[in-house]
Amino acid sequence: MESNFSQPQRQSIVGIFVMFIYSFQRYAKALWPLLVICILKFNEFDKLNILIGIISVVTILIFVGITSYFRYLNFTFYIDQENDEFVITEGVFNKTKTAIQLNKIQQVNINQSLMQRLVGVYELVVDTAGSNKKEGSIKAISHELALDLKARLLENENKKLKNVDNVINNSSEILNKKTFDAEDPFIEISFLSLLKIGFTSNYVKSFFLLLAFFFTLFDHIKQFTGRDILHDEKIENYVDKSHMLTAVLILFIIFFSIVIIVNLVKTIFKYFGYKIAKQNGSLLLSYGLLNTKSTILKPEKVQITSITQNYFQKKMNVLGLKISQATGGEKEDHKLAIEIPGCNDFEKEAILKLLFQQIPEKGVMLKPNFRKLGFSVFLTVGVPLLGYYFLRDLIIEQIPMIDYLVLFFVLFIGVIQFYLFKNNRLYINDDFIILQSGAWDITNKIIKPSKIQAITTSQLFWHKNINIGSLTLHTAGGNISFQLGNFTAIKQYINLWLYRMETSDSNWM
């Protein structure tokens, strides 16, 4: 039986519990430092303070429960057939009404967190291009209702592609499609592929996140206990100076192993069971171990497609795909980009053919001038060395081995900058622009000239005589930049791209 969305309706009754949990999580995040202090100082509290604490917690729980009930009661959603709008009303004391034009809806995602899985409901999220946040979110509806609503909200996309004579039949077909996301997947990312990606990617990101976690932990311990572990518990007290280098190496191996394990666990939990199916000319992606997510990727909405692979991944025949669609701003591009980890070469080609109807090929190659390498080395090696030269006498008393560390730093950063320069290339053919970059992880960003929104060129006055300049291509899914290339060649291609922009009728929004 078809669901009637023309009348306002509420979420599932268990939405009260879902909203209670989400609200309680927000309070817990805000009050956790106070909670930690209470636990650590528990023995110092008298009975009156403990009673006051218990009453406060109970009061907060009652308040959260009441507000969750009214939030559930006041939350309604429906489709306004006359104005072609999806309308959501919500609020506790002050009600807000959000009306989303159906023809502006870009994505409708069906997600399920662990808590929602336990109570048997799903979350439906509506997203449009041109905004930096999700326009509408329904936290607790049944799977069948979510599929029906998703089909109705995306019905407008199918109307764009059909003649007027076929609109009614097409709409009826969509409305009756209860198995909206149950089509057989043509790509399934295996568990082994996820293991390979987890072991061979995101070293630097995971390293700094873990490092920040440890420093934050030490800082909180210092605040609560008054002891500076990093300063008071010197490693020299536990390790003989003659074995200092060995100890540092062992600590590095342990820390690096933790980084790999954390990265591996995060990858498996996030992307477990990754499946890609074809759906009315689009890609239907679903994945997640504890928090499951289902989203539709439309080829015409794709702005930038990034393919990333390093040496180990190449040997293992796995790579990472990242697809950027139209967003409301550059800051959230990385959050809204769709990632497909663990593809092999065959799966990559299948996805690219569906997105572009062909395999993008590299054409004419533009290389950056060697001055780019020199300037990068000056900023990353020369400037730090200059600062070290003036501070060496002060630092060497605290860290006698600093000269060896500085030498390692110079060699390491120098090698990275060399490979960054060596791999930086811009490939251009009639149908595609491909920017290659990276030192260890080599990334190829692919865009079509028709998706370019604006073009920025720059040339410093001392670069005019040697005919080099920089180029930035702006798209609705982010920017790509190529610096210090042949400026005459760049300007020639700009004229062609501007013509493509003006004559293109692609529906990328």
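# Strands, helices and cores in a predicted model

Student: What is the bridge partner of Leu-473 in β20?

Tutor: Within β20, Leu-473 is bridged to Ile-480. The model is predicted, and everything below is computed from it.

Student: How do you know that β19 and β20 are paired?

Tutor: Two strands pair if DSSP finds at least two bridges between them. Seven bridges link β19 and β20, in the antiparallel sense, so the pairing satisfies the criterion of at least two. A hairpin of two residues makes the connection from β19 to β20.

Student: What joins β18 to β19?

Tutor: Five bridges, with the two strands running antiparallel. One of the partnerships is that of Thr-456 with Thr-472 in β19.

Student: Why is β19 called mostly covered?

Tutor: Buried means under 20% relative accessible area. Seven of the eight residues of β19 are buried.

Student: What makes α16 agree with the expected span of a helix?

Tutor: Helix α16 runs over residues 487-503, which is 17 residues. At 1.5 Å a residue these should span 24 Å, and the end C-alpha atoms lie 25 Å apart, so the two values agree.

Student: How do you know where the buried residues of α16 fall around its axis?

Tutor: The buried residues are Phe-487, Ala-489, Ile-490, Tyr-493, Ile-494 and Trp-497. Viewed down the axis, the buried residues of α16 fall within an arc of 135°, so they line one face of the helix. An α-helix has 3.6 residues a turn, so residues three or four places apart point the same way. The face of α16 turned away from the buried side carries Gln-492, Asn-495, Tyr-499 and Glu-502, which are exposed. The strands packed against by the buried residues of α16 include β14 (364-366), β18 (454-458) and β20 (478-486).

Student: Which residue caps the N-terminal end of α16?

Tutor: Asn-486 does, through a side-chain oxygen 3.1 Å from the backbone nitrogen of Thr-488. A polar contact needs its N or O atoms within 3.5 Å, and the distance here is 3.1 Å.

Student: How do you know on which side of α15 its buried residues lie?

Tutor: The buried residues of α15 are Ile-402, Val-406, Ile-413, Gln-417, Phe-421 and Asn-423. They cover an arc of only 170° around the axis, which puts them on the same side of α15. Turned away from that buried side is a face with the exposed residues Tyr-404, Leu-407, Phe-408 and Leu-411. The buried residues of α15 pack against α14 (370-398), β15, β16 and β17 (442-447). From its first C-alpha to its last, α15 reaches 31 Å with 22 residues, close to the 32 Å expected at 1.5 Å a residue.

Student: Why is Pro-299 called buried?

Tutor: Its relative accessible area is 11%, and buried means under 20%, so Pro-299 qualifies as buried. Pro-299 lies in the loop between β10 (292-297) and β11.

Student: Which residues does Pro-299 contact beyond its neighbours within four places in sequence?

Tutor: Gly-281, Ser-282, Leu-354, Leu-355 and Lys-451. Ser-282 is 17 residues from Pro-299 in sequence, and their C-alpha atoms are 6.3 Å apart in space.

Student: What makes β6 and β7 edge strands?

Tutor: They belong to an open sheet of seven strands in the order β6-β5-β4-β10-β9-β8-β7, with antiparallel pairing. β6 (136-141) and β7 (187-188) each have a single partner strand, so one side of each lacks a neighbour in the sheet. Inside that order, β9 and β10 are joined by five bridges and run antiparallel.

Student: How many residues are in the largest nonpolar core, and which have the most contacts inside it?

Tutor: The core has 27 residues, and Tyr-274, Ile-340 and Ile-351 have the most contacts inside it. Among the elements giving two or more residues are β9 (282-287), β12 (319-325) and α13 (345-356). α13 gives the most, with five residues. Ile-340 touches Tyr-274 and Ile-351, and among its other contacts are Ile-189, Leu-285 and Leu-321.

Student: Which residues belong to the second, separate core?

Tutor: That core has 26 residues, including Ile-88, Leu-102, Val-126 and Leu-145. Leu-145 is also one of the buried residues of α4.

Student: Why is helix α4 called mostly covered?

Tutor: Of the 11 residues of α4 (143-153), nine are buried, each being under 20% relative accessible area. The buried set includes Asp-148, Lys-150 and Arg-152.

Key
Residues numbered from 1 in each chain as written. Predicted model: local features only at pLDDT ≥ 70, side-chain atom pairs only at ≥ 80, totals over all residues. Heavy atoms only, no water. Core = buried A, V, L, I, M, F, W, Y, C linked by side-chain atoms within 4.5 Å. Buried < 20%, exposed > 50% of the residue type's maximum accessible area, 1.4 Å probe, protein only. Helix = DSSP H or I, 4+ residues; strand = E, 2+ residues; numbered from the N terminus. Contact = heavy atoms within 4.5 Å. Expected span 1.5 Å × (residues − 1). Arc of directions from axis to C-beta. Polar contact = N/O pair within 3.5 Å; in protein donor to acceptor, adjacent residues only side chain to side chain.
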